[in-house]
Amino acid sequence: KSFKAARVIAPDTVIGGFLSRGLGNLIRQRLEASTHINLATQQERHKNWARLASLDGSLSTIDMSKASDSFVWKHMELLVPKSWHPILKGVRLGTAQVSDGEKRKLTSYMLMGSGHTFPLQTLLFYAICESVRKLMRRRGFVSVYGDDIIIPTCIAQPCIYALQLLGFTVNNDKSFFDEPDLCHPSRTFFRESCGGDYKGGVDVRPFMPEDTY
């Protein structure tokens, strides 16, 4: 992934890739039909929401660490209908052959390189956080793009608790959920989502020169 961290990517078989991509497209369509999430435009919308949230702090931006690797089959049993289970098992890569030729059993359900990983991850994080919002009877909206989560600040701590309870790790270095202060209403906030960094409505993302080597 970077000079500091490696990320495992598992290329799928031709048939497996066809099925996985088909499932991913179906989840995308269902997300768009049943929620406000459109993965084709969600990234830019998240940036705009992060900008607006940096003005009043009403929304929080949460980022996850090793998100796709953290999903195991138990999460599928808990979070999706039983009618989904056969197809989810059918597109899963259960073993992988590493560089030394040895085959190893995979613990993680999702792998980078599978066509359904990103939309399914989006759906499941959305389901968790939206459930918390509804249980707490709070207004506002939940939005997710992969492992980038935007939620009302009033439910940030309960959502983080629920995610951690389910075995996920919140990236505290890239999560911002400080609450508005009634004593200092003019205070601004920092929010970050999908590569957009904002402080008080201003884009403060530093210039990052591309590697020319």
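This passage walks through several strands, two helices and the cysteines of a predicted model.

A good place to start is strand β1, which covers residues 59-65. Six of its seven residues are buried, so β1 is largely enclosed by the rest of the structure. Two strands pair with β1. With strand β5, made of residues 148-152, the pairing is antiparallel and extends over five bridges; here Ser60 stands opposite Ile151. With strand β6, residues 169-170, β1 again pairs in the antiparallel sense, over two bridges. In that pairing, Met64 has Val170 of β6 as its bridge partner. As background, strands of a sheet pair through backbone hydrogen bonds, in either a parallel or an antiparallel manner.

Helix α2 comprises the 15 residues 42-56. At 1.5 Å a residue, α2 should span 21 Å, and the distance between its end C-alpha atoms, 21 Å, agrees with this. The buried residues of the helix are Gln42, His46, Trp49, Ala50, Ala53 and Ser54. Viewed down the axis of α2, these buried residues fall within an arc of 145°, so they line one face of the helix. Their cover includes β1 and β5, met above, together with β4 (143-145), β7 (190-193) and β8 (196-199). After α2 comes Gly57, which has a positive phi, near 70°.

Two of the strands that cover α2, β7 and β8, also belong to an open sheet. This sheet has three strands in the order β7-β8-β9, with antiparallel pairing. At its edges stand β7 and β9 (202-203), each with a single partner strand, so one side of each has no neighbour in the sheet. Between β8 and β9, which run antiparallel, there are two bridges, and Lys199 has Val202 of β9 as its bridge partner. Helix α2 lies across β7 and β8, and its direction makes an angle of about 170° with that of β7.

The second helix to consider is α7, residues 156-165, in which Ala156, Cys159, Ile160, Ala162 and Leu163 are buried. Seen down the helix axis, the buried residues of α7 fall within an arc of 160°, so they too line one face of their helix. The face turned away from this buried side carries Tyr161 and Leu165, both of them exposed. On the buried side, the residues of α7 pack against β1, β5 and β6, and also against α6 (117-136). Strands β1 and β5 thus appear again, having also been among the elements that cover the buried residues of α2. Following α7 is Gly167, whose phi is positive, near 100°.

Cys159 of α7 leads on to the cysteines. A disulfide is a covalent bond between the sulfur atoms of two cysteines. The structure holds zero disulfides. For Cys159, the nearest cysteine sulfur is that of Cys129, 4.0 Å away, whereas a disulfide is counted when the two sulfur atoms lie within 2.5 Å. Cys159 is therefore in no disulfide. This residue is buried, with a relative accessible area of 1%. Cys194 is likewise in no disulfide, and its nearest cysteine sulfur, again that of Cys129, is 14 Å away. With a relative accessibility of 8%, Cys194 also counts as buried, because the cut-off for that class is under 20%.

Terms used:
Residues numbered from 1 in each chain as written. Predicted model: local features only at pLDDT ≥ 70, side-chain atom pairs only at ≥ 80, totals over all residues. Heavy atoms only, no water. Buried < 20%, exposed > 50% of the residue type's maximum accessible area, 1.4 Å probe, protein only. Helix = DSSP H or I, 4+ residues; strand = E, 2+ residues; numbered from the N terminus. Pairing = 2+ DSSP bridges. Expected span 1.5 Å × (residues − 1). Arc of directions from axis to C-beta. Contact = heavy atoms within 4.5 Å. Axes fitted to C-alpha atoms, helices over the stretch in contact; angles between N-to-C directions.
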